[in-house]
Amino acid sequence: MKIHRLPVFLLLLLAVSAVAAIRAEDGYRLWMRYDRMTDDVQRSAYARALGHIVLATPAGTDSATIAAARDELVTGLAGLLGITPDVTTGRAPAEPCAGDDGYSIKVVSEGGRHQVIIAGNRDVGALYGSFALLRGVQTGKPVAALSETCAPRIGRRILDHWDNLNGLIERGYAGFSLWNWFDLPDYVDPRCRDYARAAASLGINGAVLTNVNADALVLTGPWLRKVAALAGAFRPYGIRVYLTARFSAPIEIGGLKTADPLDPAVAGWWKDKADEIYTIVPDFGGFLVKANSEGQPGPQDYGRNHADGANMLADAVAPHGGIVMWRAFVYDQHVPDDRIKQAWNDFKPLDGRFRPNVVIQIKNGPLDFQPREPFHPLFGSMPRTPLAAELQIAQEYLGSGIHLAFLAPMWREFLDSDTSGSGSGSSVARVVDGSVDHHSLSVIAGVANTGSDRDWCGHPLSAANWYAFGRLAWDHEISSEQIANEWVRMTFSNDPRVVAPIKAMLLASREAVVDYMTPLGLAHLMATDHHYGPGPWVDNMRADWNPVYYHRAALDGIGFDRTSTGSDAVAQYAPAVANRFGDVATCPENLLLWFHHVPWDHRMQSGRTLWDELCLHYQRGVDTVHGWQGSWAALKGLIDEERFGHVEALLARQERDARWWRDACLLYFQTFSKRPLPAGVEAPEHDLAFYEGIQLNYVPGAGGKK
Ligand code: BDP
């Protein structure tokens with residue numbers, strides 16, 4: 001019998017090892033997969049060099065953060081290399097690197113002795129350095145290139161979670177909230193620790209736990225204890241928690257009659273509340289506030305301004321070292337001015353009137369996270385106030401959890417925008433990191449795309465956006481190409497047959513989405529409320545939520561005149577920028593219809609008419625997505641079946657959706673342009689009425705609305 005069984009067993013073993021190179025994958029491990037490296041030569045080189053690691057800090061002592069770093073190195077290197085490194089603590093020389101969060105990695109080999117020293121000014125630096133070392137190994141950096149010194153330029157690198165206390169996530173496309181509120185504080189879901197690991201691996205050091213459309217309940221005692229439990233899970237990973245503050249909380253949970261920021265009883269209430277919070281969560285980061293926008297309460301309800309509101313909260317948290325991130329995403333349908341001008345109109349006059357622990361948090365563009373917008377004119381307009389950038393990692397307007405849209409190129413475009421137009425180093429990135437106007441408080445925030453889906457972000461490729469946000473928050477000079485390269489290697493494989501096509505898809509994807517949704521500077525053509533499909537014809541809501549408000553298509557042309565003959569929004573930019581945007585001849589074509597109302601026959605740089613060019617952009621978007629289906633099909637067998645199949649299905653849907661966008665928008669705009677589709681543009685499958693009749697119900701992220 002035994003003689004018979006042995007070969008069967010061996011056969012099985014052989015069969016298993018044949019497929020072991022491609023393991024089943026559910027995406028849970030994100031970019032921290034730590035699977036055994038397949039190149040044996042490289043693996044032994046790493047194994048020789050990385051057997052002894054010293055985590056060095058000025059104190060040289062152990063801590064929960066050092067333990068987290070050790071755990072990660074041991075788990076990571078065991079998986080990648082099959083070794084158990086000896087990880088010890090040691091004393092770092094004073095100032096081994098710059099700043100609070102920086103690190104230095106030194107790979108030393110002397111007389112046959114190998115040692116790696118990862119040093120930080122604080123424990124968290126050693127943690128960041130450990131993740132950087134692992135990233136180097138995962139992406140196949142040569143041993144000598146693992147040594148580096150690195151420090152972030154932006155002090156607070158924060159994820160904003162638009163999570164409601166009932167578990168639903170506003171604009172969340174990956175399931176429910178990660179925070180298991182009802183079980184807390186007694187039980188902290190282990191996912192919370194893994195969330196902290198993933199975030200810390202990128203250098204993220206803050207998390208706003210709650211939706212900007214805030215619920216005052218989270219500021220009550222029992223909920224603060226839940227918050228404290230999460231803070232405890234995140235603390236070893238250097239992540240502080242922040243909460244959104246509902247401006248009317250003194251009325252709703254405090255029993256006061258008013259929330260007027262100049263009323264001493266209100267200020268006193270917030271002071272006591274802050275004291276209570278800091279007793280429960282001693283390293284609480286501070287408040288994020290959405291006020292007087294989209295129905296949220298705020299200081300203007302009492303005839304006060306944003307500075308009055310922000311300063312009152314700032315005074316409450318200041319004794320504890322807290323900050324207030326006050327959002328500039330404010331607009332009011334009763335104000336007749338162009339919606340995109342309103343934030344600047346409200347905030348610019350308040351420059352210099354905020355407390356030092358207030359930062360004004362501004363979305364990248366002046367409208368609302370569209371596939372392409374110019375940079376927000378407040379960047380560069382408030383030199384006396386620290387300004388935070390708010391990016392949206394969740395793809396509210398870029399295909400939600402269904403479409404591939406790698407956002408690093410969009411964020412690069414924004415961060416590189418020259419606020420003064422003088423080329424003198426006043427990029428948005430340098431305004432945000434504080435270097436242009438010499439601010440020490442610097443913040444960058446990303447609206448998270450995480451949720452309870454097993455793979456965290458819903459689409460197997462959209463964790464690339466979480467990754468990209470974190471990497472850019474740490475170093476706003478990294479290229480999109482580098483980010484994509486790292487992410488693909490860590491998330492899928494170092495096999496060039498895998499890396500090249502996925503990278504190419506990622507890097508082309510944002511522009512493809514712009515092409516099939518809102519090319520040439522168009523914006524907000526999305527259907528009502530869920531923002532998923534096209535609805536350029538929609539004209540039945542408050543004016544500033546209607547797509548017709550934004551595209552202004554008419555018989556004479558299309559686009560929003562924001563020059564001096566129109567809303568004059570260009571005047572909010574520095575003169576050199578305003579001149580460039582304000583002149584049809586110099587305005588970048590990819591923003592043309594954002595700033596100008598242009599005749600259908602306007603000659604574009606290509607020599608084509610605007611109408612033809614517009615049509616060809618829509619077609620190009622469809623063609624690009626179609627092309628990805630072929631690139632992806634070629635990956636079969638090179639990556640795991642699970643993610644292969646999931647992405648394959650989503651790409652088919654994206655291609656269908658891209659055609660839907662193209663056909664719906666072109667048919668609708670054609671009712672004004674009265675011109676035929678140019679050669680090369682496919683005929684629509686249905687008539688306009690068909691597209692106008694499409695109704696989607698219960699789209700994720702729309703807040704449970706039908
Ligand atoms: C818009 C979203 C809305 C948010 C709002 C905000 O549609 O759900 O509450 O932004 O940022 O993009 O406050």
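This short talk covers the surroundings of the ligand and then the largest pocket of the protein. Please keep in mind that the model is predicted.

I begin with the ligand. Around the ligand there are 14 residues, and those that come nearest are Glu-170, Lys-290, Arg-327, Asp-368 and Glu-396. For three of these residues I can give distances to oxygen atoms of the ligand. In Glu-170, an N or O atom of the side chain is 2.3 Å from a ligand oxygen. Lys-290 places a polar side-chain atom 2.6 Å from an oxygen atom of the ligand. For Asp-368, the corresponding distance from a polar side-chain atom to a ligand oxygen is 2.7 Å. As for exposure, the ligand taken alone presents 320 Å², of which the protein buries 96%.

What is the make-up of the shell around the ligand, in nonpolar, polar and charged residues? Eight residues of that shell are charged, four are nonpolar and two are polar.

I turn now to the largest pocket. The space in this pocket amounts to about 730 Å³. Its lining comprises 29 residues, and Arg-36, Thr-38, Phe-492, Ser-493 and Asn-494 are the closest to the pocket centre. By residue class, the lining of the largest pocket holds 11 charged, 10 nonpolar and eight polar residues.

Where does the largest pocket lie with respect to the domains? It lies between domain 1, residues 33-150, and domain 3, residues 515-560 + 597-692, because both domains give residues to its lining.

To close, I return to the ligand: the protein buries 96% of the 320 Å² that the ligand exposes when taken alone.

Notes: Residues are numbered from 1 along each chain as its sequence is written. This is a predicted model: local features need pLDDT of at least 70, side-chain atom pairs count only at pLDDT 80 or more; totals for chains, interfaces and linings use all residues. Side-chain values use heavy atoms; hydrogens and water are left out. A residue is near a molecule or strand if one of its heavy atoms lies within 4 Å of it. A polar contact is a pair of N or O atoms within 3.5 Å; within protein, one must be able to donate a hydrogen and the other to accept it, and residues adjacent in sequence count only if both atoms are side-chain atoms. Accessible areas come from the Shrake-Rupley method with a 1.4 Å probe; for residues, only the protein chains shown count as cover. Ala, Val, Leu, Ile, Met, Phe, Trp, Tyr, Cys and Pro count as nonpolar, Asp, Glu, Lys and Arg as charged, and the others, Gly among them, as polar. On a 1 Å grid over the protein atoms alone, a cavity is a set of points where a 1.4 Å probe fits but cannot get out, and a pocket is an open set with protein on both sides within 12 Å along at least five of seven lines; lining residues have an atom within 4 Å of a point. Grid points are joined across faces, edges and corners, and a volume is the space filled by probe spheres set on the points. Domain bounds come from an automatic or database domain assignment.
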